[in-house]
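Please find below a colleague's note on this model, set out as numbered points. It is meant to be read alongside the sequence and the coordinates.

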Amino acid sequence: MKTDDTHPYSDNPLTSINQEEEPSKRGNLKIFFGMSSGVGKTYSMLQAAHMDLSKGVDVVIGFIEPHDRSETKALLKEFEIIPSRKIHQEEITIEEMDLDAIISRHPYLVLVDELAHANAEGSRHAKRYQDIQELLDNGINVYTTLNIQHLESRNDTIAQITGVTVSDTIPDEIFEKADDVELIDVTPNVLLDRLAEGKVYAAPQSKEAVQNFFRKGNITALREMSLRLVADRVDKQLKSYMQEKHIEGPWKSGLHLLVLVGPSTSSAKLIRWAKNLSYTMGADLVALHVENTQVLNESQQEQLAKNIDLARKFGAEVIITSGDDLVSTTLDVARRENISHIIIGKSGKQSFFSSLFSRDNFVNRLLKESGEKSG
C-alpha cells in the first residue's frame with residue numbers, strides 16, 4: 001500500500017529549483033516506512049530513485065545495506081556510490097556513511113538506508129538521523145528507510161507485543177516533520193514466505209526470527225500500527241490543508257467523532273461511550289466544550305473540569321471555545337475539524353444545553369443547519 005501515488009519529483013516544484021540560485025534551501029526528506037524488515041523498503045526506495053535518475057535528477061547512493069539480496073544489488077549498479085568511511089576499532093573495521101564526502105559532492109538527491117542506525121564510535125554524530133539532518137540543512141534531498149519499531153513513541157508497546165526491545169530509536173518529530181512518508185506494505189503471509197525463502201535473513205536466522213519476532217500475530221499487530229500511524233499522518237495533513245485554504249468540512253476522508261462535553265455527570269458517561277465508539281469505528285475523537293452565558297455553580301465547575309480531564313486521558317483532542325449559540329458554534333468547530341459524526345447526550349436536569357433550548361430543538365437545528373456536509 002502506498003499513501004501517496006504522486007511521485008515527489010514528477011510534478012513537485014522541487015524539480016524546477018536551481019540549487020545554485022537557492023543554496024540555503026533546506027532539503028526534502030522522504031521516508032520509506034514499513035512494519036518490519038523484509039517488506040521491501042530499500043528495494044522500493046531504489047526503484048523510486050531509478051525513476052528520478054531516468055528524468056535526469058542527480059542521484060547518488062550515500063549508504064545502502066543490500067543484505068546480500070540479489071534484487072537489491074542489481075538495482076544499485078546504475079547509481080554513483082559515495083565510498084563509505086572506514087572506522088577501525090580494535091580488530092574490526094566498520095563502514096559508515098561519509099557525511100563530508102556527500103556534502104562536498106552536493107547531489108540533488110542522496111539515498112541513505114536505515115534512518116535509526118547508530119553510528120560507530122568516532123563518528124561526528126551518534127545517530128544516522130543526525131547525519132541526515134545535516135544533509136537536509138545543506139540543501140540536499142534525502143530518501144531513507146524506517147521500521148515502526150524504531151519510533152520512540154511505539155518502542156515500548158512493540159516490545160510488549162513482540163518481547164523484543166529495539167535499542168536504536170528516532171524521535172517521533174523526525175517522522176512527523178518528514179516531507180513525504182510512503183508506506184511499504186505486504187501481508188503477513190507474504191512476509192513469512194520471504195523469510196522462509198531466505199530473502200530477509202540467512203536460513204538459520206530466518207528460523208530463529210520466525211520463532212521470536214516474526215510470529216504471525218506479531219506481524220499483524222505491527223502492520224495495523226503502521227497503517228494507523230500513516231493514516232493519522234495523512235489525516236493531519238488534510239486538516240492542515242483545509243484550515244490553510246479556509247475550506248469547510250467535513251470531507252469524506254475517514255471517521256472523526258465530536259462529543260459535546262458539559263458540566264454534568266451524564267457527560268462523563270457520554271465521553272466513555274464516545275471513546276468506546278471511536279475505538280470500535282477506528283475513528284478520531286474530539287471533545288468540545290462551548291462556554292456561554294450560563295453561570296455554573298462550584299459543583300458544576302468541578303464536574304466540568306473532571307469531564308474535560310477524562311476526555312484528555314482517553315486521548316481525545318479537547319477544544320474549549322465560547323459562543324452564545326451552541327448549534328452554530330458546534331457546527332463551526334465540526335466543519336473546521338472535518339468532523340463526520342456529532343455525539344450528544346439525552347436531556348436531563350443538568351444537561352449541557354437544557355438551559356438554552358430543548359434537546360429536540362437542538363437536534364433539529366443541528367440536522368437542519370449542518371446541511372449535506374454533515375456526513
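The points below go from the basis of the model to the whole chain and then to one sheet.

1. This is a predicted model, in which local features need pLDDT of at least 70 and side-chain atom pairs count only at pLDDT 80 or more, while totals for chains, interfaces and linings use all residues. Residues are numbered from 1 along each chain as its sequence is written, and side-chain values use heavy atoms, with hydrogens and water left out.

2. The chain holds 13 helices and twelve strands, taken as DSSP runs (H or I of at least four residues for helices, E of at least two for strands) and numbered from the N terminus. Of its 375 residues, 47% count as buried, that is, under 20% relative accessible area with a 1.4 Å probe, protein chains only.

3. Among contacts (heavy atoms within 4.5 Å) with a separation of 6 or more, 73% come from residues 24 or more positions apart.

4. One open sheet has four strands in the order S11-S10-S9-S12, with parallel pairing, where a pair requires at least two DSSP bridges. Strand S11 (317–322) and strand S12 (341–343) stand at the edges with a single partner strand each, so one side of each is left without a neighbour in the sheet. Neighbouring strands of this sheet are turned by 25° against each other on average, direction ignored.

5. Within this sheet, S9 (residues 256–260) and S10 (residues 284–291) run parallel and are joined by five bridges; leucine 257 stands opposite leucine 285 in S10. Helix H11 (residues 298–313) packs on the sheet, touching S10 and S11, and its direction makes about 145° with that of S11, the axes being lines fitted to C-alpha atoms, for helices over the stretch in contact, with angles from 0 to 180 degrees between N-to-C directions.

Notes
Buried means under 20% relative accessible area, exposed over 50%, partly exposed in between (1.4 Å probe, protein chains only).
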